[in-house]
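Before any reasoning starts, please have the sequence and the coordinates open side by side. The exchange is between a computational chemist who reads and an author who replies.

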Amino acid sequence: MTAAPDDAMRQSFELAHQAAETAARQSYGKLVAFLAARTGDVALAEDALSEAFASALLEWPAKGVPGNPPAWLLTVARRRMIDALRHQRLGDGVAQELAWLFDELDTAADSAAGIPDERLRLMFACAHPALDAAVRAPLMLQATLGFDAASIASAFLVSPATMGQRLVRAKAKIRQARIPFVVPDREELPERLATVLDAVYATFAEGWSDPAGTEARQRNRAEEGLWLGRVLASLLPEQAEALGLLALMLHAHARRAARRTANGDYVPLSEQDPQLWDGEMMAEAEALLHHASGLAALGRYQIEAAVQSAHAARRATGRTDWPAIEQLYDALLALTGSPVVAINRAIAVAHTRGAAAGLAALEGLSGETRLADYQPFWAARAELFARAGEAQASAQAFERCIGLERDPAVRRFLQRRLADVQGQ
């Protein structure tokens, strides 16, 4: 029995949308990078690719999904870019020269190897020192993942309008200053790489904060961060911090199945069942850390990954190596001076030397204005006061912490902890 016309049409639309989503998921940054590297114009590449996706959603349901969707999108985007340059009155001669130049796009798309992967070149262009430091990481997120300004603004604590303006100015700067799309040489690489790594970790952290995938803007970002981390590690296998970042993300992501109960309730790390952790993913992280340790270039991400490795040891030993964790946070604090690191160090100190010592370490942060509305700071105070037997101070910290928490599951957990403390 054949499908009714309406059903067949619906299926065609669904297949076309699925194919477009898959192409966007797997090839968006790759296509933007390849197009932008040949014109020096990120905004033009993005606009042309956006129009190509719009054309795909119109044509594919009627004509069928092409055998090579990324190649189809690349060809259409190439034509849109040439048309746009003609409308900018650069002259048919220039547009014709670009058409000849873009012939290599068809050649690349039709070759056995497919479209060259130039995402790393794009990311390093976005990390160029000529651009304002505050916009480099957001620009990478938009150019390589297609995030909109509103999504990026939420991660960097600015308004969507402000972020949009910054991104527009940055893309214009790349075009006007003719910033090259190249991986920098050995002398420039460390400074530029740090910005790239920070952008990748910001991507992962946004998704990590929504493990249930309930926020549309955050959905799949942990996976996108891992994907970008793998790209960096594969293309820069001798850069220890690139390996350290991937190891850190793998260790954290390996615990995703244990972070919620079947009912969606939050489970803190200390109460998670280690047998629910992904042993294969953790083994991959350990191998990366081992490789990084032989490169004699210790950095922030390697130390953070080592902390996660110490937590992961509980899967094999049944206990957490808190003395090792304290020592690692000592090293990380000396390296970064970060108040966030200091909070985590205080928690480790509480495990090794008692709650009073942990609270004393936290007190040193009481004058840090950036922590006034930082939920983990109040959560740490609440737990350490509870452990020290100071129920009233603990309850007050829990109340502040609950007011700052956005995740409903975590909020319910904190409310239960508050009730426990009040019942003492």
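The questions below go from the whole chain to its cores and then to its aromatic pairs.

This is a predicted model, in which local features need pLDDT of at least 70 and side-chain atom pairs count only at pLDDT 80 or more, while totals for chains, interfaces and linings use all residues. Residues are numbered from 1 along each chain as its sequence is written, and side-chain values use heavy atoms, with hydrogens and water left out.

Reader: How many helices and how many strands are there in the chain?
Author: Helices (H or I, at least four residues) and strands (E, at least two) are taken as DSSP runs, numbered from the N terminus. On that basis the chain has 0 strands, and its helices come to 21.

Reader: Which helix gives the most residues to the largest nonpolar core?
Author: A nonpolar core is a set of buried Ala, Val, Leu, Ile, Met, Phe, Trp, Tyr and Cys residues joined through side-chain atoms within 4.5 Å, where buried means under 20% relative accessible area, exposed over 50% and partly exposed in between, with a 1.4 Å probe and protein chains only. The largest such core holds 90 residues, and Leu49, Leu73, Leu122 and Phe181 touch the most other members. With 12 residues, the helix that gives the most to this core is H1 (residues 5–39).

Reader: How many residues are in the other core, the one with Trp378 among them?
Author: This core lies apart from the largest one, and Ile343, Leu384 and Val410 are also among its residues. Its size is 26 residues.

Reader: Why is the pair of tryptophan 60 and tryptophan 72 edge-to-face?
Author: Rings of Phe, Tyr and Trp (its six-membered ring) pair if their centres lie within 6.5 Å, and planes under 30 degrees apart count as stacked, over 60 as edge-to-face and the rest as tilted. For tryptophan 60 and tryptophan 72 the centres are 5.3 Å apart, and the pair is edge-to-face because the planes stand at 70 degrees.

Reader: Is tyrosine 201 buried, partly exposed or exposed?
Author: Tyrosine 201 forms a stacked pair with phenylalanine 204, at 6.4 Å centre to centre and 15 degrees between the planes, and both lie in helix H10 (residues 189–208). Phenylalanine 204 is buried at 3% relative accessibility, whereas tyrosine 201 has a relative accessible area of 21% and is therefore partly exposed.
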